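Please look through the sequence and the model shown below before reading on. The report that follows goes from the core to the ligands and then to the backbone.

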Amino acid sequence: MFTMTPVLVRNFFSKRATRRYPKVSRHPFEKGRGAIGNDIARCTFCGICAAKCPSRCIAVDKKKAAWQWDPFACVYCGVCVDSCKSGSLGQDNSYRRPAVVRELILLKGSQDHGKEASHHSQ
Ligand code: SF4
Ligand code: SF4
């Protein structure tokens, strides 16, 4: 009991180590790796992000100008963002909200844009 006394006294007078969530929440870290977003108008549907993704959670269909992301399989490593040459992929610094239903994020772009972009890249 007496060996614990200094610790108890110190804890009693020191600042609280925890936050009163949800009243007080922590701001996201500046370089935190959160949700992936795709500015689909800039996407060329090259498929590099899907090829580089270590957890295979991106699917790209160039013919349909479709880009799909599975946030449940994503490990938020940022490899896809670093490999996207068009700069259309970005990563938020805040975490995604918990979800009870598994949903895939499907974005559709312009097929003309995809064709045009592939023509330019050759
Ligand atoms: S790497 Fe970028 S441009 Fe290529 S398919 Fe992925 S998001 Fe689109
Ligand atoms: S952050 Fe990593 S795991 Fe998630 S989609 Fe991009 S490459 Fe795949």
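## The nonpolar core

In this predicted model, the largest nonpolar core is made of 17 residues, and those with the most contacts inside it are Ile36, Ile58, Trp67, Trp69 and Leu89. Two or more residues of this core come from each of two elements, helix H2 (48-52) and strand S3 (66-69).

Ile36, which is one of the residues with the most contacts inside the core, has its place in strand S1. Ile36 is buried, because its relative accessible area is 8% and the limit for a buried residue is under 20%. When residues up to four places away in sequence are not counted, Ile36 touches Trp67, Trp69, Cys74, Cys80, Val81, Leu89, Gly90 and Gln91. One of these partners, Trp69, is 33 residues from Ile36 in sequence, while the distance in space from C-alpha to C-alpha is 8.3 Å. Ile58, with the same omission of residues up to four places away, touches Cys49, Ala50, Cys53, Trp67, Gln68, Trp69 and Cys80.

## A hairpin of two strands

Strand S2, which covers residues 58-61, pairs with S3 in the antiparallel sense, and the pairing runs over four bridges. Within this pair, Ala59 has Gln68 in S3 as its bridge partner. The two strands S2 and S3 form a hairpin with four residues between them, and in the turn Ala65 has a positive phi of about 50 degrees.

## Two ligand surroundings

The residues around ligand 1 are Asn38, Cys43, Thr44, Phe45, Cys46, Gly47, Cys49, Trp67, Cys84, Ser86, Ser88 and Leu89. By class, this shell around ligand 1 divides into seven nonpolar and five polar residues, with no charged residue.

Ligand 2 is surrounded by 14 residues, of which the closest are Cys53, Ser55, Cys74, Cys77 and Cys80. The shell around ligand 2 has twelve nonpolar residues and two polar ones, and again no charged residue is found there.

## A polar pair beside ligand 1

Asn38 and Ser88 are both among the residues around ligand 1, and their side chains are joined by a polar contact of 2.9 Å. Asn38 has its place in strand S1, residues 36-38, whereas Ser88 is in the loop between helix H3 (79-83) and strand S4 (89-91).

Are these two residues buried or exposed? Asn38 is buried, since its relative accessible area is 13%, and Ser88 also counts as buried, at 4% relative accessibility. Leaving aside neighbours within four places in sequence, Asn38 is in contact with Cys43, Trp67, Ser88, Leu89 and Leu107. On the same basis, Ser88 is in contact with Gly37, Asn38, Asp39, Arg42 and Cys43.

## Backbone features to look for

Most residues other than glycine have a negative phi, and most peptide bonds are trans. With that background, several places along the chain deserve a second look.

Phe45 has a positive phi of about 55 degrees although it is not a glycine, and Phe45 lies in the loop between S1 and H2. Arg56 also has a positive phi, near 55 degrees, and is likewise a residue other than glycine; the place of Arg56 is the loop between H2 and S2. Which of the classes buried and exposed does each of these residues belong to? Phe45 counts as buried, because its relative accessibility is 2%, whereas Arg56 counts as exposed, because its value is 61% and the limit for an exposed residue is over 50%.

A cis peptide bond, with omega of about 5 degrees, joins Tyr21 and Pro22. Pro22 has its place in the loop between H1 and S1.

## The first helix

Val7 is found in helix H1, which covers residues 5-13. At 29% relative accessibility Val7 counts as partly exposed, because this value falls between the limit of under 20% for buried residues and the limit of over 50% for exposed ones. Val7 and Tyr21 are 14 residues apart in sequence, and their C-alpha atoms are 25 Å apart in space.

Definitions and conventions. Residues are numbered from 1 along each chain as its sequence is written. Chains are lettered from A and ligands numbered from 1 in the order in which they are written. This is a predicted model: local features need pLDDT of at least 70, side-chain atom pairs count only at pLDDT 80 or more; totals for chains, interfaces and linings use all residues. Side-chain values use heavy atoms; hydrogens and water are left out. A nonpolar core is a set of buried Ala, Val, Leu, Ile, Met, Phe, Trp, Tyr and Cys residues joined through side-chain atoms within 4.5 Å. Buried means under 20% relative accessible area, exposed over 50%, partly exposed in between (1.4 Å probe, protein chains only). Contact means heavy atoms within 4.5 Å. A residue is near a molecule or strand if one of its heavy atoms lies within 4 Å of it. Ala, Val, Leu, Ile, Met, Phe, Trp, Tyr, Cys and Pro count as nonpolar, Asp, Glu, Lys and Arg as charged, and the others, Gly among them, as polar. Two strands pair if DSSP finds at least two bridges between them. A polar contact is a pair of N or O atoms within 3.5 Å; within protein, one must be able to donate a hydrogen and the other to accept it, and residues adjacent in sequence count only if both atoms are side-chain atoms.
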